[in-house]
Structures are given as C-alpha cells and as structure tokens.
Amino acid sequence: RVNRGDFMNALEEVHPAFGVSEEELQQVVQNGIIRYDAVVDELLRTGQLFVEQVRTSTRTPLVSILLHGPPGSGKTALGATIAQLSQYPFIKLITPDNMVGFSESQKVAAISKVFSDSYKSPLSVIVVDNLERLLEWTPIGPRFSNAVLQTLMVLFARRPPKGRRLLVIATSSLRPVLTEIGLSESFDSELRVPPIATLRALENVLHAVQLFHTSEEANNARRLLSQAGFASDEADETSATLHIGIKKLLSIIEMARQEPDNMAERLTGALMGLGM
Ligand code: ATP
Ligand code: MG
C-alpha cells in the first residue's frame, strides 16, 4: 500500500519503471513540480487515487481523466508526474510535439499504436497531451481532424483486453471545445488545474526558485507587489487579480534574474504588464 506520505516523498526521487519512456516524461517536467499551493498537492493526490483505483479495482479496468485549465497552468507537467509516480510498467506520452509534419493517417496510426502496445501490459498509463493540438483544432471554421477525433473517442472508450488495465490522462486548455465536439463525455473525471491567483502562491514560487538571495530583496519585492495591488488573498476583491500560469511565471522569473540589480522591479513590471 502506498500512502500519501510515500507518494509525496516519491516526488523527490522519481524512479520510472522499466520500459518507460523516461526521457520524454522528464522533459515535460523540466522545472520540477513546485508545491506553491495546496491545490498542487490536491491534484497529485487525486491523480494518485485514480492510479490506485486502476491498480486495485477489478470493476474499472479503464479510467480516463481530463486535466484542464488555462494555458501554462502546468497540466502537462502534472499529468506526466502522476504517470511517472504510478510506477506502472507501461507509461507513455502521446504529444503533438512528436507529430509535427505527420499526416492525419500517420497521427491516427501513432496514437493507435500506443494504445495497442499498452494492451500488452497488465497496467498502463497513457498521457494524451494537448488534445486541441492533437485534433488540429482551429477556431476559424471551426475545423479539426475528424479522423483523430473518432480515433480518440474509440480508444478512450475501448476496454483493454481481459486482465489488462489502463489509465488515460488527457490534457487540454480548451475544455469548452471538447464539449462542443463531444469528447467531454469520454472522461470519467475532470480535474481543473488553476492558474496562480494569490500573492502567497507567487511568493512560494519565488522562494522555491531562490530568485532573491537576501531577505531585503524578498521584502522589497513583496512591498512592490502589494503596492502594485496584488492581494495576498484571492478573496480580497478590492485588489488587482493575479492570474498567471506557472509556466509563464517561471519564464518571467528567469527574465528578471538576468538583471540582478533590479530583479524585484523587473518582476513586478512584467507581472503588471500582463494586464491583470
Ligand atoms: P500549455 O497550456 O502550454 O500546454 P501546460 O499547462 O501544459 O502548458 P506545462 O507545460 O506543464 O504547462 O508547464 C509547467 C511548467 O512549470 C513545467 O516546466 C513544470 O516543470 C513547471 N512547474 C513547476 N511547478 C509546477 C506545478 N506545481 N505544477 C505544474 N508545473 C509546474
Ligand atoms: Mg501542456
């Protein structure tokens, strides 16, 4: 039995199982998982519950979940992390990044192959990343690949062969589109990955990446950020709202790091410049 403590400890030292595309998974969690808010632990824990459900329940050989949230909120990294922590013998990532230049039928074949490979393993987890890009969704038209859609619908619903179990973790920034094209119903559960919305969470990220080296610098940044009107609490409706994905925030932080003398100013400026 894996308890919550074990699971959280495992975050520190992930050992992907044999035969797993380790590098591929590692790549999408490039900057690690920062536990900047309780919601991060909650998402990982809920993911773990599904992992355990598929592992132990004989009634549910197939479970599919959707991680959705605004661009850059950390969906891919969280999905890959949940997959890695499962320690299942078969862990695979399906991503449009690896299908650049593929024809529609090549995409369908590549997706189908991952699923049929998974049916050979007693326990599998497949991360189907960025559904809207996989589907070549374009708001103009609107257009998308119906062949890919039909393939996903069939595979998301197909029970693995007897004795085989499969967890599907899909990600998307465009949940309304999935509903529109009828893909939402394919999921047993949906988990929302929210953007960073409180000053406290922001400060936790700053602390984790050690942007500031002295407490003066950190205090100065806190002063500037609250002067800019960012609330320390989401419930405080009088203040400016913070709404930024962890991915973007990390890149803004790295930008600020380039100018050591004015890091706090650059950071605040960049955050305000987002028009929040
Ligand atoms: P997109 O909408 O562009 O697909 P995304 O929501 O999938 O973006 P990711 O590609 O997962 O976002 O980017 C999140 C980045 O932030 C990764 O580099 C990851 O390592 C890092 N990160 C740090 N802390 C967290 C966290 N708590 N949750 C998710 N990602 C995190
Ligand atoms: Mg992503």
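Which residues does F115 touch, not counting residues up to four places away in sequence? Keep that question in mind as you open the model, which is a predicted one.

**Stop 1: the whole chain**

Start with a cartoon view. The secondary structure comes to twelve helices and five strands. Colour the 276 residues by accessibility, and 48% of them count as buried. If you draw a contact map, take the contacts between residues at least 6 apart in sequence: 81% of these join residues at least 24 apart.

**Stop 2: F115**

Now select F115, which belongs to helix 5 (residues 104-118). Show its surroundings and the opening question is answered: leaving aside residues up to four places away in sequence, F115 touches I94, I126, V128, L155, F156, L166 and V168. F115 has a relative accessibility of 0%, so it counts as buried. Among its partners, I126 invites a distance label. I126 is eleven residues from F115 along the chain, and their C-alpha atoms are separated by 7.8 Å.

**Stop 3: L66**

Next, go to strand 1 (residues 62-68) and pick L66. Is L66 buried or exposed? L66 is buried, because its relative accessible area is 0% and the cut-off for buried is under 20%. Not counting residues up to four places away in sequence, the residues that L66 touches are L131, A170, T171, S172, L178, F187, S189, E190 and L191. For a second distance label, join the C-alpha atoms of L66 and G79: they lie 9.2 Å apart, with the two positions 13 residues apart along the chain.

**Stop 4: S184**

Two of the residues you have just displayed, L178 and E190, are touched by L66 and also by S184. Select S184 in the loop between helix 8 (175-180) and strand 5 (189-192). Beyond residues up to four places away in sequence, S184 touches R175, L178, T179 and E190. Turn on side chains to see what joins S184 to T179: a polar contact between the two side chains, at 2.9 Å. With a relative accessible area of 11%, S184 is buried.

**Stop 5: backbone details from N130 to P142**

Switch to a backbone view for this stretch. N130 sits in the loop between strand 3 (123-128) and helix 6. Its phi is near 55 degrees, a positive value in a residue other than glycine. N130 counts as buried, at 19% relative accessibility, because the cut-off is under 20%.

Move on to E136, in the loop between helix 6 and helix 7. What is the phi of E136? It is positive, at about 55 degrees, although E136 is not a glycine. E136 is partly exposed, with a relative accessible area of 38%.

P142 is also in a loop between helix 6 (131-134) and helix 7 (146-157). Click on the peptide bond that leads from G141 to P142: this bond is cis, with omega near -15 degrees.

**Stop 6: helix 9 against helix 11**

Select residues 199-208 for helix 9 and residues 246-257 for helix 11. Their axes are 11 Å apart, and the two helices pack at an angle of about 50 degrees. That angle makes helix 9 oblique to helix 11. The crossing is right-handed. Show side chains to find the contact: helix 9 brings L202, V205 and L206, while helix 11 brings I246, L249, L250 and I253. By class, this contact of helix 9 with helix 11 has seven nonpolar residues, with no polar and no charged ones.

**Stop 7: helix 11 against helix 12**

Keep helix 11 on screen and add helix 12 (residues 263-272). Here the axes are 8 Å apart and the angle is about 145 degrees. Helix 11 passes helix 12 in a right-handed crossing. On the helix 11 side, select L249, I252, I253, M255, A256 and R257, and on the helix 12 side M263, R266, L267, A270 and L271. What classes of residue make up the contact of helix 11 with helix 12? There are nine nonpolar, no polar and two charged residues.

For a last view, highlight L249 and I253: these helix 11 residues take part in the contact with helix 9 and in the contact with helix 12.

Notes:
Residues numbered from 1 in each chain as written. Chains lettered and ligands numbered in written order. Predicted model: local features only at pLDDT ≥ 70, side-chain atom pairs only at ≥ 80, totals over all residues. Heavy atoms only, no water. Axes fitted to C-alpha atoms, helices over the stretch in contact; angles between N-to-C directions. Helix = DSSP H or I, 4+ residues; strand = E, 2+ residues; numbered from the N terminus. Parallel < 35°, antiparallel > 145°, perpendicular 65-115°, else oblique. Left-handed = near helix turned anticlockwise from the far one by under 90°. Contact = heavy atoms within 4.5 Å. Nonpolar A, V, L, I, M, F, W, Y, C, P; charged D, E, K, R; others polar. Buried < 20%, exposed > 50% of the residue type's maximum accessible area, 1.4 Å probe, protein only. Polar contact = N/O pair within 3.5 Å; in protein donor to acceptor, adjacent residues only side chain to side chain.
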